[in-house]
Amino acid sequence: MSDATPAYRGYRLQTLYTLASILEANERTNLIFQPEGVEDIAIWDKNNHLLETVQVKAYSANLSLSLLSPDKIDSFLYRANSLLDTYPEIKIKIATFGDIGTELLQATQEDGRERQRVAQKISEYKFLSEADARRLLNQLQIIPVVESELKERVFTTLQYLCTGIDPIPAFEMLNFWLYLCAENKCKITQNDVIQRINDVGRFIAERNAHHGEWFRSIVPIENDEVDAQTREKLSDEFYRGISARYDHILAGVDKPRTSKLNEIAQKFKENQVVIVHGASGQGKTTIAYRYLHDFFPEQWRFQVRLVENRQQAINIATALSGQAKAIGVPLAVYLDVSPSDIGWDELVKQLASNKNIQILVTVREEDFRRASISGAEIQFAEVELQFDRPEAEEIYQFLVETETPDQFLDFDDAWSRFGGKGPLMEFVYLVTQGNSLRERLQQQIRRIQDEVRAGQCSDAELELLRLVSVASAFEARLKLRELVRFLQLPSPQRTLELLEEEYLLRTSENGTLVGGLHPIRSTILADILTDSTFYPWADSASSCLSFIFEQDVGSFLLYAFSRHRLELEYLLSTLDSYQPRQWIAIAGVTRALIWLGVKEYVEANGQLILDAYAKVNHGWAIVLNFDIADASPGVADEWVSNLSDLLPEDGLAHIASLRSRQIDKSQIFTRVIAWFSHLDYEPMPPQFELDWTGMAEVLFWVGRLQIPLPISDWLIPVDFDAAVETLPLEILADVAVGLFYGNEAAYRSWLNTNYAKLLSRFRQETRTVAWEDDGKNLRAHFVVELFQPNVSLSEAQTNQKDIQREFLNASMERLGLLRRFFPDRERYGSRGYGHLIWINAELHDETERNIPISNFPLQWLVSVNSMFKALGEQDLRPDTWEAYPCFVTLGKQ
């Protein structure tokens with residue numbers, strides 16, 4: 001935020017004075033302060049008797065009687081007089097950050113001729129008698145305040161109470177807390193403020209302690225100054241269609257979409273999680289950054305980056321939310337979902353368990369649908385971004401006012417040239433650059449092609465751009481050094497420099513990867529550079545496969561399988577010879593091939609699904625055997641059995657008839673089993689946490705599908721013992737269950753060696769005080785982490801559902817770990833202690849659980865079942881968005 005507006009400056013000065021007033025002499029320890037209670041500050045004694053009110057002024061001119069608006073019946077003077085009628089001994093004060101006019105100063109300092117004259121002046125407005133006016137002036141104290149001196153006093157106190165902490169961010173955080181107090185007219189004491197200061201100190205210390213980790217997983221979204229030269233550069237790249245960054249918002253080059261921003265704000269009043277979804281190029285990232293900039297204080301907004309370290313991001317966000325809960329203000333966490341973020345919905349679920357975190361998610365439409373995120377698991381609101389004519393007209397007007405495009409006669413001319421449909425990004429490019437993005441890219445490619453024909457550049461440059469575009473269309477990056485060597489570029493540095501200047505590609509900050517500037521640009525380029533005769537898309541996709549950055553392999557294949565179904569055979573044959581050396585890449589291929597298997601299974605059962613849908617609408621998956629992964633054997637039959645009393649006489653027979661037509665579900669895994677059979681090279685030991693996670697998933701599927709691979713040999717160089725102390729507990733649990741399925745003998749040897757260490761760490765990190773394990777049944781007794789809800793104990797009784805959910809989450813978090821660490825047990829139990837004061841005695845204790853393994857399926861299997869349901873629903877969706885509301889309505893009937 002900036003001090004540019006007088007209103008904001010006045011508020012900051014009011015907060016500064018409030019803090020100084022509360023923190024001054026010890027005699028104020030028993031007083032109660034109420035910001036915006038009666039005037040700017042009201043001060044009460046412990047018996048709820050009003051002692052003092054303060055009005056804070058910050059005028060540029062000298063404070064005078066006219067500035068107190070004596071001509072208005074609702075002005076400060078007359079409100080103060082009413083208070084004197086009720087509290088005759090009350091102190092009425094004005095704290096002014098500026099000079100005081102002589103007339104008003106003399107009238108309030110001594111009872112003389114000047115006071116009489118000013119009282120008479122006030123009485124002439126007919127709202128007060130002269131006697132009442134003199135009484136008011138007698139009680140009124142005007143206190144001159146110097147901002148720099150007051151700030152020094154407050155900052156000194158903050159440094160004293162929070163040793164080693166920068167007082168500037170501490171003040172900003174207290175500033176927001178006091179804003180919330182003022183908004184709710186809360187009464188606070190000096191002890192409350194000191195406690196908040198201590199909480200702020202702990203919060204900042206916690207943040208500083210994680211500083212190195214932040215910039216890998218959680219990044220504060222901070223405001224920086226943008227000079228004119230930088231703004232011009234940001235404007236140029238933004239309008240050329242590169243991916244949005246927060247710097248573009250700071251430069252003010254976007255058109256704020258007011259209605260959508262207000263919709264997001266309204267949704268956050270009703271839900272803790274808001275998911276913004278839409279097709280690529282519709283401005284999802286831009287609107288998210290704009291919302292955080294306009295609606296959230298700088299010190300309390302963060303972005304989670306899910307590239308490397310998901311569990312670490314969860315841990316830090318949880319730690320921050322604990323501090324935010326103690327301070328009593330909400331924290332904004334932003335997730336911009338990339339195609340490789342397979343488990344983003346699980347991350348949202350874990351973040352949402354912290355009530356003081358508001359989560360804003362942006363996700364591409366197809367990724368949102370594919371996730372099959374359930375409102376039963378996560379309470380969320382959604383905002384769909386679509387680009388239509390009315391919004392286009394607003395954006396056109398904004399661009400006319402700020403960028404002065406002169407290529408079109410008017411909006412109708414621009415809209416006609418645009419064709420009336422397409423993503424927002426392409427419309428902005430058209431208006432600001434004068435031609436369509438496709439036309440511009442075609443011109444650039446034709447120029448390079450002409451240069452190749454004239455012998456002025458190598459054909460390898462076009463091939464470089466082709467492979468990068470095909471990969472980047474699906475948000476995959478290529479390994480630069482290997483790609484350059486393969487293409488034998490004669491002058492790679494100069495080639496890359498020229499192509500970056502043309503906005504055709506860009507290299508990563510460390511120079512190891514190359515990719516596109518935006519999926520829309522890359523999709524257009526790939527379409528221009530490939531054709532069915534000379535450069536088929538499948539040839540280029542197959543050629544770039546071995547150069548794709550390992551973390552992006554899974555998402556690339558997933559998009560390729562979903563968008564190029566008719567061109568897959570050559571890519572699949574190339575995939576057979578693909579020999580990744582990193583576990584994360586092997587896991588990516590595994591996930592993509594399982595997805596393709598489920599997709600083909602849905603298509604093979606297409607008519608059956610339609611027949612079931614015709615009978616029971618969206619209950620089709622329950623009527624069929626929805627447990628295609630055998631996550632919980634027998635559960636699909638149990639569902640039908642439980643419904644038998646509700647079905648007509650021939651209902652069960654009809655369900656049996658439908659299920660008899662369902663194709664053998666083992667076919668889902670045919671492709672992934674075949675691919676594994678071609679793996680010859682031993683993977684390298686895991687190098688980073690996502691690699692460990694990938695190894696865990698691969699080991700699970702290899703064991704689950706009984707694939708004959710030399711797993712024992714592959715695992716020899718892997719240091720599982722060291723992982724017990726270095727990996728986050730969640731990832732270590734995945735590794736344990738993966739090892740159990742992939743090589744049970746290795747799992748048991750590892751567990752026997754590390755049981756004591758593992759148990760000690762589990763108990764410490766989960767506050768488990770007692771442990772029962774008879775080889776069949778596990779039970780953890782844990783101390784529930786004490787929390788301080790922003791309500792009193794009595795108020796908490798009306799918020800039982802949320803409190804119960806917190807306790808349930810605490811229990812299930814521990815049980816989920818136990819289920820994976822010890823996958824051979826029969827039952828998993830838990831019980832919490834020290835929390836029952838928060839729940840009504842007649843309610844069930846949600847920490848007390850006893851779950852059989854049959855009711856505790858692994859997430860890898862559950863996700864396959866979710867794919868089946870989601871892909872089946874996709875085929876049942878209407879063809880147009882106009883028909884979608886009717887479709888949803890029918891689904892709820």
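**Cavities, a helix and a small sheet**

The lining of the second largest cavity is made up of seven nonpolar residues, with no polar and no charged ones (nonpolar being Ala, Val, Leu, Ile, Met, Phe, Trp, Tyr, Cys and Pro, charged Asp, Glu, Lys and Arg, and polar the others, Gly among them). A cavity here is a set of points on a 1 Å grid over the protein atoms alone where a 1.4 Å probe fits but cannot get out, and lining residues have an atom within 4 Å of a point. The model is predicted: local features need pLDDT of at least 70 and side-chain atom pairs 80 or more, while totals for chains, interfaces and linings use all residues. Residues are numbered from 1 along each chain as its sequence is written, and side-chain values use heavy atoms, without hydrogens and water.

Helix α38 (residues 744-766) gives the most to this second lining, with four residues; helices are DSSP runs of H or I with at least four residues, strands runs of E with at least two, numbered from the N terminus. The lining of the largest cavity has five nonpolar, three polar and no charged residues, and its largest share, four residues, comes from α1.

Turning to helix α6 (residues 147-161), its buried residues (under 20% relative accessible area, 1.4 Å probe, protein chains only) are Leu 150, Val 154, Phe 155 and Leu 158. They cover an arc of only 125 degrees around the axis (taken from the directions to the C-beta atoms), which puts them on the same side of α6. The face turned away from that side carries Glu 149, Glu 152 and Tyr 160, which are exposed (over 50%).
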